[in-house]
Amino acid sequence: MTTSPTRPLPAVQLRVPTDEDAHAWHAVFADPDVMEFLGGPAELSAYEELSARQRMHDAQLGYCLWTLLDGEGTVIGFTGAQPWPAAKSWGPVGEIEIGWRLGRSAWGRGYAYAAALATLERVRAAGVPHVVAMIDARNARSVAVAERLGMELAEEFTTPGGNPARRYELALGRG
């Protein structure tokens with residue numbers, strides 16, 4: 001099921017991740033299919049570090065990878081924006097990357113698109129002039145979300161790990 005122009009988007013809530021959210025992310029992303037294009041499921045410690053880094057980003061930048069909750073308040077993943085890590089030897093260093101990761105139970109219901117729209121509103125309000133999305137080219141769901149957002153394909157390349165990837169870009173007007 002996909003979200004059509006006539007069907008309303010699902011309600012989503014975004015919040016700065018808490019310590020408890022690291023545990024929720026670990027559980028939601030334990031599915032190998034969810035992590036297919038991201039190297040497989042990660043240990044809890046990876047999510048503890050990620051949630052702490054996102055709290056720092058929010059405090060310093062006004063945006064981060066927020067915990068994504070459905071209309072009932074259940075954690076279904078994360079969405080948001082963060083600077084591309086300068087420590088990586090490849091990619092758009094200095095750019096702000098938007099992204100989304102949802103648990104399987106949220107797939108195909110419009111949550112990723114709704115969450116990405118909310119992310120764009122927030123980063124625009126924070127003064128970010130443009131964003132990128134780095135997506136594994138085989139990840140048809142994420143590619144579809146980026147294209148539905150109006151992002152333009154800027155580059156196709158192979159990651160250092162040998163995977164086909166795409167870099168999408170979107171200029172953000174003043175909101």
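**Figure 1. Threonine 67 and its polar partner.** A polar contact here is a pair of N or O atoms within 3.5 Å, where one must be able to donate a hydrogen and the other to accept it. Welcome to the first close-up of this predicted model, which shows such a pair: the side chains of T67 and D21 are joined by a polar contact of 2.8 Å. T67 belongs to strand β2, which covers residues 65–70. Its relative accessibility is 0%, so T67 counts as buried. Setting aside residues up to four places away in sequence, T67 touches Q13, L14, R15, P17, D21, W25, V75, G77 and F78. D21, the polar partner, is thus also one of the residues on the contact list.

**Figure 2. Strand β5 and its pairing with β7.** Strand β5 spans residues 130–136, and six of its seven residues are buried, so the strand is largely enclosed by the rest of the structure. Strand β7 (residues 164–171) runs antiparallel to β5, and seven bridges join the two. To find your place in the ladder, look for H130, which stands opposite A171 in β7.

**Figure 3. A tilted ring pair, F29 and Y47.** A pair of aromatic rings is described by the distance of the centres and the angle of the planes. The whole structure holds five aromatic pairs. In the pair of F29 and Y47, the centres are 5.8 Å apart and the planes meet at 45 degrees, which makes the pair tilted. F29 sits in the loop between α1 (19–28) and α2 (44–61), while Y47 is in helix α2, so the pair ties together parts that are 18 residues apart in sequence. Both rings belong to buried residues: F29 has a relative accessible area of 1%, and Y47 has one of 3%. If you widen the view, ring pairs link W25, F29, Y47 and F78 into a cluster. W25 and F78 may look familiar from the first figure, as T67 touches both.

**Figure 4. Two tryptophans, edge-to-face.** The ring centres of W84 and W90 lie 5.2 Å apart with their planes at 70 degrees, so this pair is edge-to-face. The two residues fall into separate accessibility classes: W84 counts as buried at 6%, whereas W90 counts as partly exposed at 25%.

**Figure 5. Arginines over aromatic rings.** Two views go together here. In one, the charged end of R101 sits over the ring of F29, 5.0 Å from its centre. F29 is the ring that also forms the tilted pair with Y47. In the other, the charged end of R122 sits over the ring of W66, at 4.8 Å from the ring centre.

**Figure 6. A salt bridge between two helices.** Side chains of opposite charge can pair when their charged atoms come close. The structure has 10 salt bridges. One of them brings together the side chains of R55 and D19, at 2.9 Å from N to O. R55 is in helix α2 and D19 in helix α1, so to speak a link between distant parts of the chain, 36 residues apart. R55 is partly exposed, with a relative accessible area of 26%, and D19 counts as exposed at 53%.

**Figure 7. A salt-bridge network between loops.** The side chains of D31 and R104 meet in a salt bridge of 2.8 Å, N to O. This pair also links distant parts of the chain: D31 lies in the loop between α1 and α2, R104 in the loop between β4 (96–102) and α3 (111–125), and 73 residues separate them. R104 counts as partly exposed at 40% relative accessibility. D33 joins in too, as D31, D33 and R104 are linked in a network of salt bridges.

**Figure 8. A salt bridge between E169 and R167.** The side chains of E169 and R167 meet in a salt bridge with an N to O distance of 2.2 Å. E169 counts as partly exposed at 32% relative accessibility, while R167 is buried, with a relative accessible area of 16%.

**Figure 9. Tyrosine 111 and its surroundings.** Y111 lies in helix α3 and counts as buried, at 8% relative accessibility. Y111 and L9 are 102 residues apart in sequence, but their C-alpha atoms are 7.4 Å apart in space. Leaving aside neighbours within four places in sequence, Y111 is in contact with P10, A11, V12, D70, I76, L102 and A106.

Conventions: Residues numbered from 1 in each chain as written. Predicted model: local features only at pLDDT ≥ 70, side-chain atom pairs only at ≥ 80, totals over all residues. Heavy atoms only, no water. Buried < 20%, exposed > 50% of the residue type's maximum accessible area, 1.4 Å probe, protein only. Helix = DSSP H or I, 4+ residues; strand = E, 2+ residues; numbered from the N terminus. Pairing = 2+ DSSP bridges. Contact = heavy atoms within 4.5 Å. Phe/Tyr/Trp six-rings, centres within 6.5 Å; stacked < 30°, edge-to-face > 60°. Lys NZ or Arg CZ within 6 Å of the ring centre and 35° of its normal. Salt bridge = Lys/Arg side-chain N within 4 Å of Asp/Glu carboxyl O.
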